[in-house]
Each structure stands twice: as C-alpha cells, then as structure tokens.
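Here is a short briefing on a protein structure. Look at the sequence and the model first, then work through the points.

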Number of protein chains: 2
Amino acid sequence: MPKDPRILFGKRLAALRKERGWSQEQLALESGLARSYLGGVERGQRNIALLNIVRLAETLGRKPAELMMDL
Amino acid sequence: MPKDPRILFGKRLAALRKERGWSQEQLALESGLARSYLGGVERGQRNIALLNIVRLAETLGRKPAELMMDL
C-alpha cells in the first residue's frame with residue numbers, strides 16, 4: 001500500500017461529490033448518512049464498509065467500482 | 001440495490017480466489033485474515049470494510065476496483 005487507502009478513497013469521494021456540485025451537507029441528506037460521518041470518510045479517518053460504499057455510489061449515480069478507482 | 005452487495009461481493013471474491021487456484025485456507029494464510037472470516041465474507045454474511053477489501057485485492061494481485069466489478 002503506497003498510500004493509506006482510506007485517504008485515497010476519501011479524496012475520490014470528495015472529487016465525485018464536487019463533480020456533482022454537492023456540499024457534504026447535500027450528500028448527507030441524499031444518502032441518509034450523517035454529515036459528520038461523511039466528513040470523517042472524506043478526511044480518510046474512517047474505514048468505510050461495503051454497504052456504505054454502495055450507498056454513496058448509488059446516491060452519486062456511480063458504480064461502486066468507480067469509487068475505488070484510485071486505490 | 002437489486003441484490004445484496006455482500007452476496008455479490010462474496011461471489012466475486014470466491015471466483016477470483018478460484019481463478020488463482022487457491023483454497024479459502026490458502027487465501028487466509030496469504031492475506032493474514034482468518035479462514036472463518038473469509039468464509040463469512042464469501043457467503044455474503046459480512047459487511048467487509050475498505051482496508052480488508054484492499055488487503056484481499058493485493059493478496060490476489062488485483063486492483064480493489066476489480067473486486068467490486070459485479071456491484
């Protein structure tokens with residue numbers, strides 16, 4: 001692992017969220033996940049599990065694999 | 001979600017493990033994860049988190065996104 005996968009995932013998530021033109025608050029509302037949790041994921045502080053990865057991907061209109069592209 | 005992502009992920013993991021010609025026991029030894037845990041993941045009973053997805057992908061010589069292809 002050249003870089004912590006949690007950091008890479010967080011950066012990718014933030015990039016896709018911004019492409020969509022959404023704030024963390026909007027992504028939280030749309031996904032039903034807490035904004036504080038999303039903030040932790042985007043900062044690479046959380047080891048997000050499969051079901052939440054899929055939930056965020058669906059909310060953003062992406063395939064789960066697209067969220068893992070940079071890893 | 002048409003089908004439980006845990007089930008789809010488990011099937012994909014089992015398929016890639018078999019392509020490699022490995023038993024669950026071998027994948028457990030190579031990855032350092034418990035065989036009982038891997039069995040649960042392959043049966044779709046566990047909500048595997050990012051760091052273990054990356055660990056299994058690296059052990060199998062795949063990109064993490066390849067493990068998410070069917071989701």
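The buried residues of helix 4 of chain A are covered from both chains in this predicted model. Within chain A, the cover includes helix 1, helix 2 (24-31), helix 3 (35-42) and helix 5. From chain B, helix 1 (5-19) and helix 4 (50-60) take part.

**Helix 4 of chain A**

- Of its 11 residues, 8 are buried, so helix 4 of chain A is largely enclosed by the rest of the structure.
- The buried residues are Leu50(A), Asn52(A), Ile53(A), Val54(A), Leu56(A), Ala57(A), Thr59(A) and Leu60(A).
- A general point helps when reading such a list: an α-helix has 3.6 residues a turn, so residues three or four places apart point the same way.
- Gly61(A) comes just after helix 4 of chain A and takes a positive phi of about 70°.

**Where the chains meet**

- In chain A, 19 residues are in contact with 19 residues of chain B.
- About 1,800 Å² is buried between chain A and chain B, and carbon and sulfur atoms give 75% of that area.
- The rule finds 0 salt bridges across the interface of chain A and chain B.
- It does find 8 residue pairs in polar contact across this interface, with both residues at pLDDT 80 or more.
- On the side of chain A that touches chain B, the elements giving two or more residues are helix 1 (5-19), helix 4 (50-60) and helix 5 (64-67) of chain A.
- Helix 4 of chain A gives the largest share of that side, 5 residues.
- Sorted by class, the side of chain A that touches chain B has 14 nonpolar, 1 polar and 4 charged residues.

**How the copies are related**

- A turn of 180° and a shift of 0.0 Å along the axis lay chain A on chain B, with an RMSD of 0.0 Å.
- The two copies are therefore related as by a two-fold rotation axis.
- Which residue of chain A comes closest to the rotation axis? Ala49(A) does, with its C-alpha at 1.8 Å.
- The copies meet through the same surface, because 100% of the interface residues of chain A are also interface residues in chain B.

**A loop residue: Ala34(A)**

- Ala34(A) sits in the loop between helix 2 and helix 3 of chain A.
- Its relative accessible area is 43%, so Ala34(A) is partly exposed.
- Ala34(A) and Arg6(A) are 28 residues apart in sequence. In space they are 18 Å apart, C-alpha to C-alpha.

Terms used. Residues numbered from 1 in each chain as written. Chains lettered and ligands numbered in written order. Predicted model: local features only at pLDDT ≥ 70, side-chain atom pairs only at ≥ 80, totals over all residues. Heavy atoms only, no water. Contact = heavy atoms within 4.5 Å. Buried area = accessible area lost by both parts, 1.4 Å probe. Salt bridge = Lys/Arg side-chain N within 4 Å of Asp/Glu carboxyl O. Polar contact = N/O pair within 3.5 Å; in protein donor to acceptor, adjacent residues only side chain to side chain. Helix = DSSP H or I, 4+ residues; strand = E, 2+ residues; numbered from the N terminus. Nonpolar A, V, L, I, M, F, W, Y, C, P; charged D, E, K, R; others polar. Least-squares fit on C-alpha atoms with pLDDT ≥ 70 in both. Buried < 20%, exposed > 50% of the residue type's maximum accessible area, 1.4 Å probe, protein only.
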